[in-house]
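Thanks for sharing this one. Here are a few notes to read alongside the coordinates.

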Amino acid sequence: QVQLVESGGGLVQAGESLRLSCAASGRTFGRYAMGWFRQTPGKERESVAAISRFGGVTYYADSEKGRFTIFRDNPKNTVYLQMNSLKTEDTAVYYCAAGTAGTNGEIITGAEEYEHWGQGTQVTVSS
C-alpha cells in the first residue's frame, strides 16, 4: 500500500509557474509508474502527464506539451509537475496517482489503471 500526498497548489496569474509535488509513503516507490491528472467540476478526470518507474519515459497530454514537465526523485519518494506559462484553463484540482508498472519503460495514461491516488491540490489561474 502506498499513500500519496500532493502539495504546491495555489492561486497564480496567467503566465506564471507552479511546481506540484507528490510525496509517497513506503519503500516501493520505484515499482510504480506515476501520473498527474486534473479535474474540474462536472468533467471527467483527465491525464496531464505520466512518467515511468525510473523517469526514462514520459508522456504529456497535447495541451501540456512544452509547458509542463513531469519528473521524479526516487530516493525522495517524490514526483513533481513543473507547470509553466499557466493558463486560466489549467484551473483544476490536480491529483497524482501511482500504478504498478511491469517494466521500467512502462507508462500509464488511463485513470482506471492507477491503483493509488492522492487527495488532490487546487490550482487556480487568474487572468
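The points below go through a charged residue, the nonpolar cores and a loop position.

1. A reminder before the details: this is a predicted model, and the remarks here should be read in that light.

2. Glu6 deserves a look. Glu6 sits in strand β1, which spans residues 4-7. The side chain is buried but forms no salt bridge; Arg45, the nearest side chain of opposite charge, is 7.3 Å away. With a cut-off of 4 Å for a salt bridge, Arg45 therefore does not count as a partner.

3. What does the side chain of Glu6 reach instead? One partner is the backbone nitrogen of Gln119, at 3.0 Å. The backbone nitrogen of Cys96 is another, 2.8 Å from a polar atom of the Glu6 side chain. Beyond its sequence neighbours within four places, Glu6 also has contacts that include Ser21, Cys22, Trp36 and Tyr94.

4. Now the interior. The largest nonpolar core holds 27 residues, and Met34, Trp36, Leu81, Met83 and Tyr94 have the most contacts inside it. Elements giving two or more residues to this core include β3, β4, β8 (78-83) and β9 (92-100). Apart from it lies another core of seven residues, with Phe37, Ala50, Ile108 and Tyr114 among them.

5. Tyr94 ties several of these names together. Leaving out residues up to four places away in sequence, Tyr94 touches Glu6, Trp36, Phe37, Leu81 and Met83, among others.

6. Finally, Arg27, in the loop between β3 (18-24) and β4 (32-39). Arg27 is exposed, because its relative accessible area of 85% is over 50%. Its C-alpha is 17 Å from that of Gly55, which is 28 residues away in sequence.

Definitions and conventions. Residues numbered from 1 in each chain as written. Predicted model: local features only at pLDDT ≥ 70, side-chain atom pairs only at ≥ 80, totals over all residues. Heavy atoms only, no water. Helix = DSSP H or I, 4+ residues; strand = E, 2+ residues; numbered from the N terminus. Buried < 20%, exposed > 50% of the residue type's maximum accessible area, 1.4 Å probe, protein only. Lys, Arg positive; Asp, Glu negative; His and termini not counted. Polar contact = N/O pair within 3.5 Å; in protein donor to acceptor, adjacent residues only side chain to side chain. Contact = heavy atoms within 4.5 Å. Core = buried A, V, L, I, M, F, W, Y, C linked by side-chain atoms within 4.5 Å.
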